[in-house]
Amino acid sequence: MGLFDRFENKIEGAVNGVFARAFKGDVQPVEIAARLQRELDAEAKLLSRDKRLVPNEFTVQLSQHDYDRLVPYSKTLTSEIVPELREHAAERHYVFNGPISIAYELAPNLPTGRFTVLSAAVAGIQQADGPASTTMIRRSTLVLEVNGVRHPLNAPGLLIGRGSEADLRINDPGVSRRHAQIHVRGTGDDIAISIEDLGSTNGIIVNGAKVREAQLDDGSRIEIGSTRMLVHSPVGA
């Protein structure tokens, strides 16, 4: 039995009974599971000779009819699918950036029985001293936003990397243990912010250009590994 067949049979076993009755003639859970497996294979990006980065966040878009019938079972279905995706990834030497998540979204334009899948490789982010508070963010002139989380840019700055000593830890295989340092000097209107590559393997990209160091301003876009960051003013935070 092939790898795909084995995966599909496991999911079929997990969704027998109530799932099969609830979804007869509509989108089948096994179809979603198999589609997510194929998404891993299709989106795998080479990291090294024997490792490939694959998506870890998935959005399954469903018609109104299928959405209404699937959502009540979504937690159970996800809990069955995720271990199988991890097993498939281990056998293929795939690497996830962070925890696997599956969201189900209504797409009214889709006909019953059809669905689409969106995916992304999103790094798990951890700040060394815990999550930034709203008060801290509002006192900061600029913030560094990573995967929707804002980190205040206060002096003296942040060490970004995958290692335990980093102020901002990014669980991304393309990020070095000590990847980059953001320097913050001054306060208020006199603040100066820059980023410096600390001899990382894959370098840093600022506003589309690979650099060793660069000044950062409101709107600066940073890419480190497969992780994208944005410097901006937290107005309205």
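This report walks through a predicted model of one chain, from confidence to sheets, cores and a few unusual backbone spots.

**Confidence first**

The average pLDDT of the chain is 81, and 79% of the residues reach at least 70. Two stretches deserve some caution. Residues 14–21 stay under 50 in pLDDT, and the model gives them 11 contacts beyond four places in sequence. Residues 131–139 are also below 50, with 12 contacts beyond near neighbours in sequence.

**The three-stranded sheet and its helix**

Let's begin with the open sheet that runs β1-β2-β4, three strands with mixed pairing. Its edges are β1 (45–48) and β4 (94–96); each has a single partner strand, so one side of each is left without a neighbour in the sheet. On average, neighbouring strands here are turned by 45° against each other, direction ignored. β1 and β2 (residues 51–54) run antiparallel and are joined by three bridges, with Ser48 standing opposite Lys51. Helix α3 (residues 29–43) packs on this sheet and touches β1, β2 and β4, its direction making about 105° with that of β4.

Leading up to β4 is a loop from α5, and His93 lies in it. His93 has a positive phi of about 60° although it is not a glycine. That is worth a glance, because most residues other than glycine have a negative phi.

Helix α5 itself covers residues 74–92 and includes Leu85. Leu85 has 0% relative accessibility, so it counts as buried. In sequence, Leu85 and Leu40 are 45 residues apart, yet their C-alpha atoms are 8.4 Å apart in space.

**Strand β3 and its partners**

Strand β3 (residues 57–62) pairs with β5 (residues 101–106) in parallel, through six bridges. β3 also pairs with β6 (residues 115–120), here in the antiparallel sense and again over six bridges. Strands of a sheet pair through backbone hydrogen bonds, and both senses are possible. Here are some bridge partners to look up in the viewer, from β3 and from the β14–β15 pair:

| Residue | Partner | Partner strand |
|---|---|---|
| Gln61 | Glu105 | β5 |
| Val60 | Val117 | β6 |
| Ile205 | Lys210 | β15 |

**The six-stranded sheet**

Further along the chain, six strands form an open antiparallel sheet in the order β9-β8-β18-β17-β14-β15. The edge strands are β9 (149–152) and β15 (209–211), each pairing on one side only. From one strand to the next, the twist averages 30°. At the β15 end, β14 (residues 204–206) and β15 run antiparallel with three bridges between them.

The loop between β14 and β15 holds Asn207, another non-glycine residue with a positive phi, of about 55°. Is Asn207 buried, exposed or partly exposed? With a relative accessible area of 39%, Asn207 is partly exposed.

Asn207 is also one of the contacts of Ser220; beyond four places in sequence, Ser220 touches Asn207, Gln215, Met229, Leu230 and Val231. Ser220 sits in the loop between β16 (213–216) and β17 (221–224). Despite that loop position, Ser220 counts as buried, because its relative accessibility is 5%. A polar atom of the Ser220 side chain lies 2.8 Å from the backbone nitrogen of Asp217.

**Two nonpolar cores**

Which residues have the most contacts inside the largest nonpolar core? They are Leu144, Leu153, Ile182, Ile195 and Ile222, in a core of 24 residues. Strand β12 (residues 180–185) gives the most to this core, with three residues. Another core lies apart from it and has 23 residues, among them Leu62, Tyr94, Phe96 and Phe115. As a general background, nonpolar side chains in soluble globular proteins tend to be buried together.

Ile182 is a handy place to start exploring. Beyond four places in sequence, the contacts of Ile182 include Leu144, Leu153, Pro156, Ile193, Ile195 and Leu216.

Pro156 in that list brings up one last backbone oddity. The peptide bond between Ala155 and Pro156 is cis, with omega at about 5°. Most peptide bonds are trans. Pro156 is found in the loop between β9 and β10 (157–161), and its contact with Ile182 ties this loop residue to a residue of the largest core.

Technical notes:
Residues numbered from 1 in each chain as written. Predicted model: local features only at pLDDT ≥ 70, side-chain atom pairs only at ≥ 80, totals over all residues. Heavy atoms only, no water. pLDDT = per-residue confidence, 0-100. Contact = heavy atoms within 4.5 Å. Pairing = 2+ DSSP bridges. Helix = DSSP H or I, 4+ residues; strand = E, 2+ residues; numbered from the N terminus. Axes fitted to C-alpha atoms, helices over the stretch in contact; angles between N-to-C directions. Buried < 20%, exposed > 50% of the residue type's maximum accessible area, 1.4 Å probe, protein only. Polar contact = N/O pair within 3.5 Å; in protein donor to acceptor, adjacent residues only side chain to side chain. Core = buried A, V, L, I, M, F, W, Y, C linked by side-chain atoms within 4.5 Å.
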